[in-house]
Number of protein chains: 2
Amino acid sequence: MEVRMVAEREHVVIVGAGFAGLQAARDLAGKPLDVTVVDRHDYHLFQPLLYQVATGKLEPQTAAYALRRIIRKMPNVNFRMAEATGVDLEEQLVEVSDGPPLRYDHLILAVGATTNTLGIEGVREHCYPMKTLEDAERMRDHILACFEHVSAHPQARDIEASLTFVIVGGGPTGVELAGALADLIRDVLDEDFPELAMEDITVLLVEALPHVLSPFEEKNRDYARRSLEDRGIQVRLETALESVSEGHVHLPDDEVIRTETILWTAGVRAQPLADRLGLKQVGNGQILVDDDLSVPEHPNVWVAGDLAGATDPDGDPYPQLAPVAMQQGSHVVRQIAKRRRGEPTEPFQYTDKGIMATLGRGSGIAELPIGPSIRGRLAWFAWLGAHVGFLVGVRNRLLTVINWVYAHFFRQRAARMIIRGSEAPRATPAEDVESD
Amino acid sequence: MEVRMVAEREHVVIVGAGFAGLQAARDLAGKPLDVTVVDRHDYHLFQPLLYQVATGKLEPQTAAYALRRIIRKMPNVNFRMAEATGVDLEEQLVEVSDGPPLRYDHLILAVGATTNTLGIEGVREHCYPMKTLEDAERMRDHILACFEHVSAHPQARDIEASLTFVIVGGGPTGVELAGALADLIRDVLDEDFPELAMEDITVLLVEALPHVLSPFEEKNRDYARRSLEDRGIQVRLETALESVSEGHVHLPDDEVIRTETILWTAGVRAQPLADRLGLKQVGNGQILVDDDLSVPEHPNVWVAGDLAGATDPDGDPYPQLAPVAMQQGSHVVRQIAKRRRGEPTEPFQYTDKGIMATLGRGSGIAELPIGPSIRGRLAWFAWLGAHVGFLVGVRNRLLTVINWVYAHFFRQRAARMIIRGSEAPRATPAEDVESD
């Protein structure tokens, strides 16, 4: 009898609990459907704050939130921690890494994006990506380990490479990371390592396009570049990487930069799951969807967030932003309801929430949907407010504010510690050279 | 000329930045000596809170504090992140893992203790120790992964083993961990996993002695045992482990407990460095010291904290507690000053600060140096106050209080997430069995 009751309710499987998937789960809570959220982690990650984890400003547990804590309040929603390895579209099954597949009546694919090496040789082996909490922690530990390495080996041959930090990619992620890294060095590490001269430290941002912050207006792009340069960051525009090798970045015209630290923010592509579905892909591997976000010929399969190959009415892809993902998550839930009622579905329409980026402590840019764009300290406060507001949970908000106050007024980094083990510079350290 | 100036000041090397080493560094700050603190981590770990990291109550960054942040305020103190691998007592050199050795005039050894497997077969391979931050995070991730595993495989054969948590060792560490684990399960996981029945979960504390909490008075030991039992923890006294194998704890009389989780708090011994010095060792590998804490025949080598094989005037070893370590760190610094002035040294005398332990949320025991011992809620508050007070840094204190309030009133665990990757139960999960 219980089996019959379960069978009578339609089952929605949401794959991925990022901004899109979690929003869909929230909107499905309390509806007469059974819902299962599948994610390989047991937490929701607030990706826009990853660069703060990578620079020791936030501990990882503040940029993440336990999924079961959210989902336990939704009686019709279950959580399954697993990696989704494939989808059988005919049998309507989601295959998972460690158990029997999950049957669905409606499927919401929202696994998001991963790092894109852009086919450049050596990127996978020698660069530090920043898409997961683990990535960000590894980046933080490595940056700190470089300073410890130089402090321990002041006469070593590779000091210059150990103190050269190259950020590849001048999009919002690369720009925010560069600003935060420059702050970490100037506010914290300069005092922690009094034996190091600041002028020996190089932070270099490399971007292939002729400007940073492509999604922003031209005057703001210029403002951003100048702000970064004012913080001592070298910005190289129109510079595409040729390749990366151990301890080296190869630029055009045989230019080589020696560095132990290449932070990769240059590209994203759809998670590998997208390649295993036999569906048409667009852009950087995103799944092609109709304008209602359903997959052509599979009206019960929906895609939301960074994985969705959707375009706006002008035919341009949507920006890969949290507000887009959340609106798509909600849209998909509304369309599932329409389909179940036999009504026609509607195209997805994005309500622009504006874009923001920080440029380091006390500086930012915000382009809001109405009014002129704002810059500098006011934009920075707007960024703080918006991001604290979007964080899940009162505790995380409170801790984030405390950590930011701590960083801003005391110029400290609460999470400035090598926690996962010291990944010393990757190149074999040169032997200490006795001073002649 | 700079070389001569450096050579003229005597150099103190402190190996280990736990309670003893850090206290010694603080007391040496501003003195006319050069000081180098060597530690394999770049943070000071507040060990008494490790069990809260292991049960998701605190994030690791709150139980630790960046050493360079403390040391930067001490102009004559330097930090060297490295593993000390040996000491050449004749040449007065501390050998480190990754560079030339450090010369010392005075040496303070304070590397503390590590896990002691007590020679029991299988402990190293199959138990989770809790001596480092990494240990505590691995323990937390494994405990949570066991619940995820059972939730994902409700029909698997190994459910009972996945929901049996064995804590070996009924000392303060084991008792505090058992209480915190029972709270985590009752307050958080019971609601996060509504499909699990609480009565299927077993928390078992195994102790070889006829009582828990040896350092405490008999009436308090009994109180502690009853308190743990009231929380649903099974307490097995006078039960020494025979051996451990994958998925099994072997007890006397061929009794076998099936479990995927063996949390090991049964013993500590001196860090392996102690075995490489060619010095006389006592107890669990501690270095034998004279009553002034110097090493016999090496008057410029001192030992403080858990590594010191010192005895009180009655000939009993000192308890391995933070107050003992801190007082020994201070004592050693005073004796170095006396020796430099040619004065006779003094024996170490411990000023008893009392002992405390928690027994889970809202319950504890405190035996203070004066007055009757206190128990229950008052002792729990005393424990909170003392531990917040001893934490390094205003931010860590504030965050700890927020996390505790969050845990106490909202019955939540801020850091209840699998961060380092899901260590699913170690035994190969049985295949899901179709219900017949």
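These questions and answers walk through a predicted model, from its chain interface to its strands and salt bridges.

Local features need pLDDT of at least 70 and side-chain atom pairs count only at pLDDT 80 or more, while totals for chains, interfaces and linings use all residues. Residues are numbered from 1 along each chain as its sequence is written, chains are lettered from A and ligands numbered from 1 in the order in which they are written, and side-chain values use heavy atoms, with hydrogens and water left out.

Visitor: How many residues does each chain give to the contact, and about what area do chain A and chain B bury between them?

Guide: Contact means heavy atoms within 4.5 Å. Chain A gives 48 residues and chain B gives 48 residues. Buried area is the accessible area (1.4 Å probe) that two parts lose on being put together, summed over both. Carbon and sulfur atoms carry 53% of the total, which is about 4,200 Å².

Visitor: How many salt bridges does the rule find across the interface of chain A and chain B?

Guide: A salt bridge is a side-chain nitrogen of Lys or Arg within 4 Å of a carboxyl oxygen of Asp or Glu. A:Arg395 and B:Glu59 meet in a salt bridge at 3.0 Å, N to O. Across the interface of chain A and chain B, the count is 10.

Visitor: Which element gives the most to the side of chain A that touches chain B?

Guide: Helices (H or I, at least four residues) and strands (E, at least two) are DSSP runs, numbered from the N terminus. Elements giving two or more residues to this side include helix H4 (67–71), helix H8 (172–192) and helix H12 (394–409) of chain A. The most, seven residues, comes from H6(A).

Visitor: Which residue of chain B forms a salt bridge with A:Arg68?

Guide: Buried means under 20% relative accessible area, exposed over 50%, partly exposed in between (1.4 Å probe, protein chains only). A:Arg68 is buried, with a relative accessible area of 4%. A:Arg68 lies in helix H4 of chain A and its partner in helix H6 (residues 133–152) of chain B, so the pair joins two chains. The closest N and O atoms are 2.7 Å apart, and the partner is B:Glu148.

Visitor: Is B:Arg69 buried or exposed?

Guide: B:Arg69 sits in helix H4 (residues 67–71) of chain B. Not counting residues up to four places away in sequence, B:Arg69 touches A:Asp192, A:Tyr406 and A:Gln412. Its relative accessible area is 15%, so B:Arg69 is buried.

Visitor: With which side chain does the side chain of B:Arg361 make a polar contact?

Guide: B:Arg361 lies in the loop between strand E25 (355–358) and strand E26 (364–367) of chain B. A polar contact is a pair of N or O atoms within 3.5 Å; within protein, one must be able to donate a hydrogen and the other to accept it, and residues adjacent in sequence count only if both atoms are side-chain atoms. B:Arg361 counts as buried, at 13% relative accessibility. At 2.8 Å, the partner side chain is that of B:Asp187.

Visitor: What separation do the C-alpha atoms of B:Lys57 and B:Asn403 have?

Guide: B:Lys57 lies in the loop between helix H3 (50–54) and strand E4 (64–66) of chain B. B:Lys57 is buried, with a relative accessible area of 10%. The two residues are 346 residues apart along the chain, yet their C-alpha atoms are separated by 6.7 Å.

Visitor: Why is strand E23 of chain A largely enclosed by the rest of the structure?

Guide: Two strands pair if DSSP finds at least two bridges between them. Strand E9 (residues 106–109) of chain A pairs with E23(A) in the parallel sense over three bridges. Strand E22 (residues 294–295) of chain A pairs with E23(A) in the antiparallel sense over two bridges. E23(A) is largely enclosed because the buried residues number five of the six.

Visitor: Which strands are the edge strands of the open sheet E11-E18-E12-E13-E14 of chain A?

Guide: Five strands form this open sheet, and the pairing is parallel. Inside it, strand E12 (residues 164–168) and strand E13 (residues 202–206) of chain A pair over five bridges. An edge strand pairs on one side only; here these are strand E11 (128–129) and strand E14 (233–236) of chain A.

Visitor: Which residue forms a salt bridge with B:Arg420?

Guide: B:Arg420 lies in the segment after helix H12 (394–409) of chain B and its partner in helix H6 of chain B, so the pair ties together parts that are 283 residues apart in sequence. Both residues are buried. The closest N and O atoms are 3.0 Å apart, and the partner is B:Glu137.
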